[in-house]
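Got the viewer open? Let's take a short walk, one selection at a time.

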Amino acid sequence: MPELLPAERDWLARVEAGAATSRPPLPAHRLVEAVIDRHPDRPAVVTREETVTYAGLEQRANRIAAALLDAGLSPGQAVAVLADAGPWLPAAVLGLWKAGGVHLPLSPELPTDRIAFILRDAGARHLLVLPGAEVPPGLPDSLVLLHPETLTGDAVRPRSEEHSLNSSHITIS
C-alpha cells in the first residue's frame with residue numbers, strides 16, 4: 001500500500017490531535033446513513049476499477065439488506081461474508097448491518113472444512129459471496145448463498161428497528 005500523500009498526512013495529524021467528541025448512541029449503519037444523506041455524490045469507495053459514490057454504496061447495501069431479510073435473516077444472526085478486501089466489501093457489511101445481521105468474515109483462502117466449521121459454530125445460515133470468491137464444495141445445502149453483484153430491484157433504505165446496537169462482528173480464529 002502506498003504511503004499517504006502529504007495533504008492526507010497533514011489532515012490525519014489535525015484530526016488525531018483534535019478533541020474527543022461523543023457520538024450519538026446509534027448503530028454504525030445509521031451513522032453511515034447520515035454521511036450518505038449529507039454527501040450522496042461524493043466518492044465512498046475508490047479502487048483502480050471503479051469509484052462508487054455514497055449513494056451507490058447505499059443502493060448496493062440496501063439491495064443486500066433486502067435480500068437478506070427476504071431470505072429470513074433474524075436480528076442478531078451471523079451473516080458470513082466470503083471475500084478478500086474489495087470494492088463490494090463495504091456494501092456487504094453495511095447491508096448486513098442494515099438487515100440486523102452480525103458480520104462473520106471468511107477468507108476464500110481457508111480450507112473448506114474450516115469454513116464449514118466456522119459457519120456451523122457461528123450458526124450462520126446466510127453466506128454473501130463477493131466477486132472474486134468462489135463457493136467451496138461441500139458446504140451445507142441449507143446455506144442461503146447470495147451474490148450481491150447479481151441483486152436487482154428497488155434499493156430502498158430498509159426500515160429496521162435499532163437492534164444492531166448489540167453485536168456487529170464475530171471473529172473466530
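A definition before the first stop: two strands count as paired if DSSP finds at least two bridges between them. Keep in mind, too, that this is a predicted model.

**Stop one: the hairpin.** Select residues 43-46, strand E1, and then residues 51-53, strand E2. The two run antiparallel and pair over three bridges. Now click on Val-45: which residue is its bridge partner in E2? That would be Val-52. Together E1 and E2 make a hairpin, with four residues between them.

**Stop two: the helix.** Next, select residues 28-38, which is helix H2. Colour His-29, Arg-30, Glu-33 and Ile-36, since these are buried. Look down the axis and you'll find that they span an arc of only 110°, which puts them on the same side of H2. As a reminder, an α-helix has 3.6 residues a turn, so residues three or four places apart point the same way. What do the buried residues of H2 pack against? Show helix H3 (54-70) and helix H4 (89-98), and you have both partners.

**Stop three: one side chain.** Stay in helix H2 and zoom in on Glu-33. Its relative accessible area is 4%, and because buried means under 20%, Glu-33 qualifies. Now bring up the side chain of Lys-98: it makes a polar contact with the side chain of Glu-33 at 2.6 Å. To finish, add Glu-58 and Arg-157 to the view. Along with Lys-98, these are what Glu-33 is in contact with once its neighbours within four places in sequence are left aside.

Methods. Residues are numbered from 1 along each chain as its sequence is written. This is a predicted model: local features need pLDDT of at least 70, side-chain atom pairs count only at pLDDT 80 or more; totals for chains, interfaces and linings use all residues. Side-chain values use heavy atoms; hydrogens and water are left out. Buried means under 20% relative accessible area, exposed over 50%, partly exposed in between (1.4 Å probe, protein chains only). The arc is that of the directions from the helix axis to the C-beta atoms. Contact means heavy atoms within 4.5 Å. A polar contact is a pair of N or O atoms within 3.5 Å; within protein, one must be able to donate a hydrogen and the other to accept it, and residues adjacent in sequence count only if both atoms are side-chain atoms.
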